[in-house]
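Student: I've just opened this one and I'm new to it. Can we go through some of the labels and check where they come from?
Tutor: Sure, let's take a look together.

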Amino acid sequence: MRELNKTYIPKGVEEKWYEEWVSKGYFRPEITPSGKPYSIVIPPPNITGSLHMGHALNATLQDILARWKRMCGFKVVWLPGTDHAGIATQNVVERQLSSEKLSRQQLGRDIFIERVWKWKAEYGVRIIHQLKRLGTSCDWSRERFTLDDGLSKAVKEVFVRLYEEGLIYRDNKLINWCPRCRTALSDLEVEHEDFDGTLTYIRYPFSDNSGHITVATTRPETMLGDTAVAVNPEDERYNNLIGKMISLPLTNRKIPVISDNIVDMTFGTGAVKVTPAHDFNDEAMAKRQSPPLPFIVVIDQDGKMTYEAGNEYEGLDRYEGRKRVIKNLMDLNLIEKEERHRHALGYCYRCKTTIEPLPTLQWYVNIRPLAEEAIKVVKEGKIRILPQSWENSYFSWMENIKDWCISRQIWWGHRIPVWYCQEMKNDACRKRDGIIVSRETSNECPYCGAKNLIQDEDVLDTWFSSALWPFSTLGWPDNTPDLKTFYPTSVLVTAFDILFFWVARMIMMGLKFMNDVPFRDVYIHAIIRDATGQKMSKSKGNVIDPLILIDKYGTDAFRFTLCAFAAQGRDIKFSEERVEGYRHFVNKLWNAARFIMMNIKSETVDYHQPSDLASKWILSRLSVTVDEVNASLEDYRFNDAANSIYQFIWHEFCDWYIEMAKSEIQDPVSGAGVIWCLLHTLKTSLRLLHPFMPYVTEEIWQNLPEVRIQKSESRKTIMVEEYPKSLPRDPQAEAMMSAVIETITGVRTIRGELNISPSAEVNVAIRTFSDDVANILKSNLHYIKKLSRATEVAIGTDLKKPLNSAVCVKGSTEVFIPLEGLLNIDTEIDRLAKERKKIEEAMSFLDRKLMNDDFLKRAPEEVVKKERVKHEELALKNERIEDNIRKLKEMRR
C-alpha cells in the first residue's frame, strides 16, 4: 500500500506531471476522439512579452474550461500561439543594434529581418515556457505564430479578396504618426493621457488693418500651417467677420475667416485656427469648405519643422519650433495672454512618444460594411459578450467605426502584397495607377508586361493577422479537418482592453470569410489590481511577478487564488497573503488524503452502502457541490465554482466529515461503509478540483487505491477521468446533520468566547425546541461528545438552564455549559476587561485618523475604506467582549 509523503512539495511534482501529460498526448483532442468538439484559441501573447498577472489570469481561466470540458468527454483543442508584435519587436531589435552602433538602414531590409528571426528564436519562446509553468493544457503540437507560412498565406488571401471587392483602398489623408517609430498608427493604438499644458492666445491681424481676431491654441508651432480661422455661424460675436482676410503672422500668407458648426464657442475666444495638415477636426473642416482649404505640412515624419514652415524654423524639433514661434510672436506683441490648460495628449502605445497627426499615403480597410454584420450577430444573440454590460461599449464603437489604417512603415511583419509598375506602358496599367495586388510575388506587370516592379515597403498592422486568428490557425484558406471540426470556436477569454483592437475585428473577419461567427461566447475577465485597488505598473512599484509566487507557493495555490476572486464585472484585488492562504488549502487536502490512505489496508476498496448519518450527509453535500460547480462553470462564474469546492473540501469534508469518520472507521458495522465513503468522496473531490488545481490532484490521484463500485477503474491520468455529474441528494440527512453541527458549533462558540482550553472536557445541556430535534441529537450523541469534548450531555425540550452556565443559541437549540470548575469568573472578567481596553485604544486612534480632514483628502480611497472596515471590526469585537463580561457578571450574582 503506497503512502503519500508527509509534506507536499510542488516543484518536483509539477515538472514530473507536466512532462508526462505532454509526452502522452493528453492535451490533444485525439484523447477523446468521439466527443463533441470544444475549441479555444489563446489570445496570442507578443513574442516580446514575459508572463504578467493579466496573462496568468487569462491562461488560468482558459485552462479551467479546457480541462473541465475534456473531463466532460468533449473533444477539446486549446490552440496556442504567439504574435509577431511588429512595432514592439522591431523596437527591441533596433535597440540591440543601437548598442552595437548599428541601424537597420545600415543592415538593409533582408539582413535586418534575418536578425529579427534570430532574436525570435532565442527570446521569443520565453513567454511560451512561462505559460507552461502555469500548467496550461494547450495542444502544443498545434502551436502557431502569426508569421508562419500558413498564417502568411491566409493574410495574403484576405488582403487580395478585400482589395478585389473594393474594401481595401489607398489614400492620402491624416493619420496618427509616431515620429519615434516612424510609422502610422490606428486610433486604437494611440493612448490618451491628461496633461497640464499652456493655452496661448494669439492676435491674428486683419489684412485691411481694421483690427485683429484672437485665437487660442495649445500648439502655436502649427500656426505656420494655418489656412483659415474658424468661428461658429451661431456665434453673434463674429458674424460680421466671416469672409474677412487675415495676414497670418510670421508668414507671407493671407487666410480667410470661415464658419463651421464644429467650433466650440466656449473654448478660448470662440475663434480657432485651422491647420488641416496637423489636426483631425481641422482636416474635416477643410474638406467641408468649397473649395476645400489647402493642406500645408509644417512638421515632418521625424517631428521636425519643414521647409513650408519657413527658413527660420526649418529643421527645428517641433517643440523647439514652438518656443521660437512664441518668442517671435511676443517680439511682435501678438501674444495676448497665456494660461494653464489641462487637455488630453495622444501617445504611441509602444514607445510613448507624442503622436503627430500627419497626411500620409496609407492603405485602409473600408470597415463599415463588415461592422454592420458584426453588430447584428451580437444583437441576435449568436455571440454572447459576458459580462453583458460590455455589449454597450461594443455597439458604441462599432456604430461609430472609422476606416482602419492597416499599413505600417516598419520592416518586421507581413509585407503588403502590392507591387507598383514603374513603367505603366498602357491605359490598363495607368488606369490602376500601376498597382498590382497579388497572392504570389510579381515579377511582371499583368497589365502592360513591364518587368520593372517595386513591392510596397510597408507591412500590415499586426492586428490584421490577429483578426484572422480563429480560422487561420485551423488551416484556412484550406478546408482542413481541423477547420471543419473546430470552427466556430466555443469561447474567447480575453481582457476588455482588446475588445476593439482584436475581438471586434475577429468577429468581422470571421463573418466575412467563414460566413459564421468565430466564437459563441466572449468572456471578458477583470483587471488584477494590487491589494489596495491600484492598477499595477512599474512606475508605482506594485507589479507582482507570477513566477516568483509560483516558485514560493506552487502553481496550484497561485491558480486557485486567481479564479477564486475572478468575479464577473469586478476587478481583482490581489495580495500574496491570499496565495499563502490557498497554499494552506493544498496542505489541508494533502493531509486529508494521507489520513484516508493510512486507514486503508488494501489496494482496492469494495463498495459498501454507508449506514451512518455523517456519510449519508457528506454524499448529499457532495452532490450539491457538484451541481453548483458545473452550473457556475457553464455561466463562467469561476469564483463561485472555486468557492463552492473550497467550502466543501475544507469545511464540510475535512473539518466535519473526516473528524466524524474517525470515530466510525473501526466500527464493525459502519466502518466499511465509512472507509468507502471517505475514499469515494476524496476521489470525487479530486476530479472536481482538478481543472483548478491540476498538479496536487494528479499526484494524490496516482497514489490512491482503486474504488470499486461496479467495476474496477483503470489507473490513468485524472485529466481524462469523468468529471462529476449530478447525483441523488438526501435532504433528510442534510437536515439532521445540520442540527448536529449547529449544536457542536454552539459548544465551540462558548469555548472560544470564554477562552476555555480546547483540551478541557465539559458537561453540556441542550434544550431543543422540538422532540424531533432532540431525538436526532440523542441518536447522534457520539458525534456531539467527540467533537465537543463533552463528558456528559443532557438533551431535552424542557431542560432548565444549569446554574452558573454560559449559553449559546444556535438554530433550533440552546446550548448550556456549566462553568463551575472550568474557569475563574473574576479572572476571566479581568482578562476580557484588559482586552477591551486595548481595543478601545485602537478605536480611539482610528477615530482621530478618520476625523482628520487632511488624511481623508490625501489618502487613497482604498486606504480610507480599509481603515473604516478595521474600525467596524474592532467595534464588533468590543461589542462581543462587553456581552461576555455582562454574561459572566450575571453568573456571579
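Tutor: Keep in mind that this is a predicted model. Let's start with the aromatic rings: the structure holds 35 aromatic pairs.

Student: What makes the pair of Tyr 8 and Trp 590 tilted?
Tutor: The ring planes of Tyr 8 and Trp 590 stand at 45 degrees. Stacked would need under 30 degrees and edge-to-face over 60, with the rest called tilted, so this pair is tilted. The ring centres are 5.0 Å apart, and the cut-off for a pair is within 6.5 Å.

Student: Where do these two sit in the chain?
Tutor: Tyr 8 lies in the segment before helix 1, while Trp 590 belongs to helix 19. The two are 582 residues apart, so the pair links distant parts of the chain.

Student: How do you know whether Tyr 8 and Trp 590 are buried or exposed?
Tutor: Buried means under 20% relative accessible area. Tyr 8 has 5% and Trp 590 has 3%, so both count as buried.

Student: Why is the pair of Phe 560 and Phe 692 called edge-to-face?
Tutor: Their planes are 65 degrees apart, and over 60 counts as edge-to-face. The centres are 6.2 Å from each other. Phe 560 is in helix 18 and Phe 692 in the loop between helix 22 and helix 23, 132 residues apart. Both are buried, with 0% for Phe 560 and 0% for Phe 692. Ring pairs also link these two into a cluster with Phe 565, Tyr 582, Phe 585, Tyr 646 and Trp 650.

Student: On to helices: why are helix 20 and helix 22 called roughly parallel?
Tutor: They pack at an angle of about 10 degrees. Angles under 35 degrees count as roughly parallel, so the label fits. Their axes are 10 Å apart. Among the residues making the contact are Leu 622 and Val 626 of helix 20 and Trp 676 and His 680 of helix 22. By class, the contact has nine nonpolar, six polar and no charged residues.

Student: And what makes strand 10 and strand 12 edge strands?
Tutor: They belong to an open sheet of four strands in the order 10-11-9-12, with mixed pairing. Strand 10 and strand 12 each have a single partner strand, so one side of each lacks a neighbour in the sheet.

Student: How do you know that strand 9 and strand 11 pair?
Tutor: Pairing takes at least two bridges, and strand 9 and strand 11 have three, in the parallel sense. In one of them, Ala 230 is partnered with Ile 258 of strand 11.

Note on methods
Residues are numbered from 1 along each chain as its sequence is written. This is a predicted model: local features need pLDDT of at least 70, side-chain atom pairs count only at pLDDT 80 or more; totals for chains, interfaces and linings use all residues. Side-chain values use heavy atoms; hydrogens and water are left out. Axes are lines fitted to C-alpha atoms, for helices over the stretch in contact, and angles run from 0 to 180 degrees between N-to-C directions. Angles under 35 degrees count as roughly parallel, over 145 as roughly antiparallel, 65 to 115 as roughly perpendicular and the rest as oblique. Contact means heavy atoms within 4.5 Å. Ala, Val, Leu, Ile, Met, Phe, Trp, Tyr, Cys and Pro count as nonpolar, Asp, Glu, Lys and Arg as charged, and the others, Gly among them, as polar. Rings of Phe, Tyr and Trp (its six-membered ring) pair if their centres lie within 6.5 Å; planes under 30 degrees apart count as stacked, over 60 as edge-to-face and the rest as tilted. Buried means under 20% relative accessible area, exposed over 50%, partly exposed in between (1.4 Å probe, protein chains only).
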